[in-house]
Amino acid sequence: MDKTKLKTRLLEMTQADYDAARQKFQSLASEARISGGETVERDQQSRAEAAGEMAAAWDEAMHDDEARLNRLTEIDFGPKNAVTDGAAVLVDDRLLVVSVSTQEFDFDGQRAMGISPAAPIYKAMQGLSEGDSFTFNGSDHQIRAIH
């Protein structure tokens, strides 16, 4: 498995999330601005305040995405033989990449998803090796491969 290609894919996805959050933040922040010299009607003031609140939420999302980007650049994606940071773990029929949380995506024809080390499933399989089994949410799972 080409983990350099996998890391690149994770970085691209996370960068796209960051860019979308940044664009939404900037759009909402401009809607929240009211010119100091003009008369403002209640409805306009209310819309500006709502846009400001939404902009603050998108600002937080943007900073979360930025932290995920930084984490991805710091993780060692070298070969692994146990479930740890930077491991790509084939569990049943899905590839779980211990790094940052992502939505499910296709990687070389394989269903894949980034998971955080804080994820409950990671805690259930942390330190296990290829061939080991574990139980998560009442279901048994097998680690078929670790890269």
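Hi everyone, here is a short tour of one protein chain, from its overall shape down to two single residues.

Some ground rules before we start. This is a predicted model, where local features need pLDDT of at least 70, side-chain atom pairs count only at pLDDT 80 or more, and totals for chains, interfaces and linings use all residues. Residues are numbered from 1 along each chain as its sequence is written, and side-chain values use heavy atoms, with hydrogens and water left out.

Let's begin with the whole chain. What does the protein chain contain in the way of helices and strands? There are three helices and six strands. By that I mean DSSP runs numbered from the N terminus, with H or I over at least four residues for a helix and E over at least two for a strand. Following the sequence, you meet them in the pattern α-α-β-β-β-β-α-β-β.

Now for the overall dimensions. The protein chain has a radius of gyration of 21 Å, while a compact globule of 147 residues would have one near 15 Å. The radius is taken over C-alpha atoms, and the globule rule is 2.2 Å times the number of residues to the power 0.38. Along the principal axes, the C-alpha atoms fill a box of roughly 70 × 35 × 25 Å.

Next, the inside and the outside. Of the 147 residues, 33% are buried. Here buried means under 20% relative accessible area, exposed means over 50%, and partly exposed lies in between, using a 1.4 Å probe and protein chains only. As for contacts with a separation of 6 or more, 52% are between residues 24 or more positions apart; a contact means heavy atoms within 4.5 Å.

Let's look at the strands. Strand 1, residues 88–91, pairs with strand 2 in the antiparallel sense over four bridges. Two strands count as paired if DSSP finds at least two bridges between them. In this pair, A88 stands opposite V97. The two strands form a hairpin with two residues between them, and D92 there takes a positive phi near 55°.

Strand 2 has another partner to show you. Five bridges join strand 2 to strand 4, residues 110–115, and this time the strands run parallel. Our friend V97 turns up here too, with G114 as its bridge partner in strand 4. Strand 2 itself covers residues 94–98 and is mostly covered, with four of its five residues buried.

Just along the chain, S99 sits in the loop between strand 2 and strand 3. Is S99 buried or exposed? S99 counts as buried because its relative accessible area is 1%. Leaving aside neighbours within four places in sequence, its contacts include L10, R71, F77 and P117. G114, which we just met, is also among the contacts of S99.

Finally, the other end of the chain. Strand 5, residues 133–136, and strand 6, residues 139–146, run antiparallel and are joined by four bridges. One of the pairs is S133 with Q142. This is another hairpin with two residues between its strands, and N137 in the turn has a positive phi of about 50°.

T135 belongs to strand 5. T135 counts as partly exposed because its relative accessibility is 48%. Which residues does T135 touch, not counting those up to four places away in sequence? They are A124 and D140. A124 is eleven residues from T135 along the chain, and their C-alpha atoms are separated by 7.1 Å.

That's my tour, thanks for listening!
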